[in-house]
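Here is a small set of exercises to work through with the model open beside you. Try each task before you read its solution.

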Amino acid sequence: MSTPPPSGRGRPADSSGFAWRAFFHQSATPIFVLGKSRRLRYANPAWEKLAGVKLAEALGMVCSQRRHSTPLASALAPTPEALAGRPDRARRPAPPGRNGPPWWDVTFAPLAGDGSPREAAPGPAKAGDALFGFVGFIAVVGEPVPAAARKVPPSVAALRDRRATHFSPDLLAGESLASARLVAQTRLAAQIAAPVWIVGEVGSGKETVARVVHHTSALRDRAFVAIDCAGLQPYLIESLLFGHGGLSASDRLGTVYLKEPRALPRDMQQRLADHFTEPTSARLVCGSERTAQAAVATGELVPAFQTSLSAFELHVPPLRERLEDIPRIATRLLNRTIDPAALAVLRGHTWPSNLRELVDVLHEAAGEGRTGPILREHLPHELRLKAGLMRAGPPKSLNLDAILEAVEKRIIQLALRKANNHQTEAAELLGVFRAKLWRRLDALGIPIPPQPPKPRKE
């Protein structure tokens, strides 16, 4: 490519001795030529310099935007308009990136002909003519901007600061020794750059701990992405991370949290391990019920997760080991006071589903008592029964009508609460007409709640 080809090669029959290859060869504009099968047939030195590829290496490359096409082939792929024989222009991310800037503005000029190079017309293709190939011209738009030089809007910066303030180590603090140990481990994990493996029971707050580690570390200005490996299909995870425009190519990704990576196929595990073992801008944090060593021993994980991706192991204690923290957790979740009798009931439960179960119970209690402190009567029946505050066994009276009325009243109240006191929506939830709901409200002695204000029409 250093010496222009002889002027006799590549001349159309009616060119009167014009050497088009030599003409393109001297142009400072990146130019390339595709055949009718979209294979690369020619590119000038300006194209080689821009693409960073020698023509001898790329000659014959099929330029399409199929799933397995290279970024360069995707950038040079003709548009549907060009394939239909009409000139067109497209903005593509500059290879090897999958997103810009910089961008390439690629102009496609279709060539008409019958397939013979010596009879090809130099002008654009016309209706009824056979498509002979394409001539492409590239113009670079924009320059890559370093991540440190990008300006963040004030509203986004304020939102990011609020999130970082919320997910601080104080979120995990408590009165128990187990909480103090957890906070110390979390602070240490935030100070190092090694991958973290978080071990804990279901619902113990592993993802919350991962977010605290991220927002306390030096990567707090970048994004946090949580992926449920058991809840998503492996091909979706592969596309999210490594597909077209995937997160692995972005420099704005700070932490990737994998929930139960042992649920992935081993080939997908190996690809993740190969990616995060190499130096990357993102940090890997995994959460699991089992340690990486135990999962590798049973064959559920590839060995790289034990040797390289669990350098720092962090244990999240179950809620039953930090019952002293329940008042602090409950106050933080509800922003309301809790009666001491209700706290005694909460401390007497073993919480098999940990924090997830506590959150559900507190939200249900807050719905029962809309104002004032949370009382013991607002807690679920099962908790009060286990605490010995209610007698188990059948009721003294087995009056069927009274039992059915109590159940119906409870269901109607639940429907009204879910519909935000909107009677029409509550009737739809119950599967009855609104008039019937009004009659049952009156018969059961349920006060008719006020209707929410209707939106004004413009």
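**Exercise 1: A residue at the end of a helix**

Glu-368 lies in helix 15 (residues 354-368); helices here are DSSP runs of H or I with at least four residues, strands are runs of E with at least two, and both are numbered from the N terminus. A word on the source: this is a predicted model, where local features need pLDDT of at least 70, side-chain atom pairs count only at pLDDT 80 or more, and totals for chains, interfaces and linings use all residues. Residues are numbered from 1 along each chain as its sequence is written, and side-chain values use heavy atoms, with hydrogens and water left out.

Task: work out how covered Glu-368 is and which residues Glu-368 touches.

*Step 1.* Look up the cut-offs: buried means under 20% relative accessible area, exposed means over 50%, and partly exposed is in between (1.4 Å probe, protein chains only).

*Step 2.* Glu-368 has a relative accessible area of 30%, so this residue counts as partly exposed.

*Step 3.* Now list its contacts (heavy atoms within 4.5 Å). Leaving out residues up to four places away in sequence, Glu-368 touches His-378, Arg-410 and Arg-417.

*Step 4.* Try a C-alpha distance too: Glu-368 and Leu-414 are 46 residues apart along the chain, with 9.6 Å between their C-alpha atoms.

**Exercise 2: A covered leucine**

Task: find the helix that holds Leu-441, then decide whether Leu-441 is buried or exposed.

*Step 1.* The helix is number 19, residues 434-444.

*Step 2.* With a relative accessible area of 0%, Leu-441 is buried.

*Step 3.* What does Leu-441 touch, not counting residues up to four places away in sequence? The answer is Ile-412, Leu-416, Ile-446 and Ile-448.

*Step 4.* Gln-413 is 28 residues away from Leu-441 along the chain, and their C-alpha atoms are separated by 9.4 Å.

**Exercise 3: The two sides of helix 7**

Task: find out how the buried residues of helix 7 are arranged around its axis.

*Step 1.* Start with the length. Helix 7 runs over residues 177-191, 15 residues, and reaches 22 Å from its first C-alpha to its last, close to the 21 Å expected at 1.5 Å a residue. That expected span is 1.5 Å times one less than the number of residues.

*Step 2.* Pick out the buried residues: Ala-178, Ser-179, Leu-182, Val-183, Thr-186, Ala-189 and Ala-190.

*Step 3.* Seen down the axis, these buried residues of helix 7 fall within an arc of 135°, so they line one face of the helix. The arc is taken from the directions from the helix axis to the C-beta atoms.

*Step 4.* Here's the general rule to keep in mind: an α-helix has 3.6 residues a turn, so residues three or four places apart point the same way.

*Step 5.* Check the other side of helix 7, where Leu-177 and Gln-191 are exposed.

*Step 6.* Finally, see what the buried residues of helix 7 pack against: strand 6, helix 8 (206-216), strand 9 and strand 10 (312-315).

*Step 7.* Arg-181 also lies in helix 7, and is partly exposed at 48% relative accessible area. Arg-181 and Pro-317 are 136 residues apart in sequence and 9.3 Å apart in space, C-alpha to C-alpha.

**Exercise 4: Aromatic pairs**

Task: how many aromatic pairs does a search of the whole structure find?

*Step 1.* Set the rule: rings of Phe, Tyr and Trp (its six-membered ring) pair if their centres lie within 6.5 Å; planes under 30 degrees apart are stacked, over 60 edge-to-face, and the rest tilted.

*Step 2.* The search turns up five pairs.

*Step 3.* One of them joins Phe-32 and Phe-108, edge-to-face, with 6.3 Å centre to centre and 80° between the planes. Phe-32 sits in strand 1 (residues 31-35) and Phe-108 in strand 4 (residues 103-112), so the pair ties together parts that are 76 residues apart in sequence. Both Phe-32 and Phe-108 are buried.

*Step 4.* Phe-224 and Tyr-257 make a stacked pair, 6.4 Å centre to centre and 20° between the planes. This pair links strand 7, home of Phe-224, with strand 8, home of Tyr-257, 33 residues apart.
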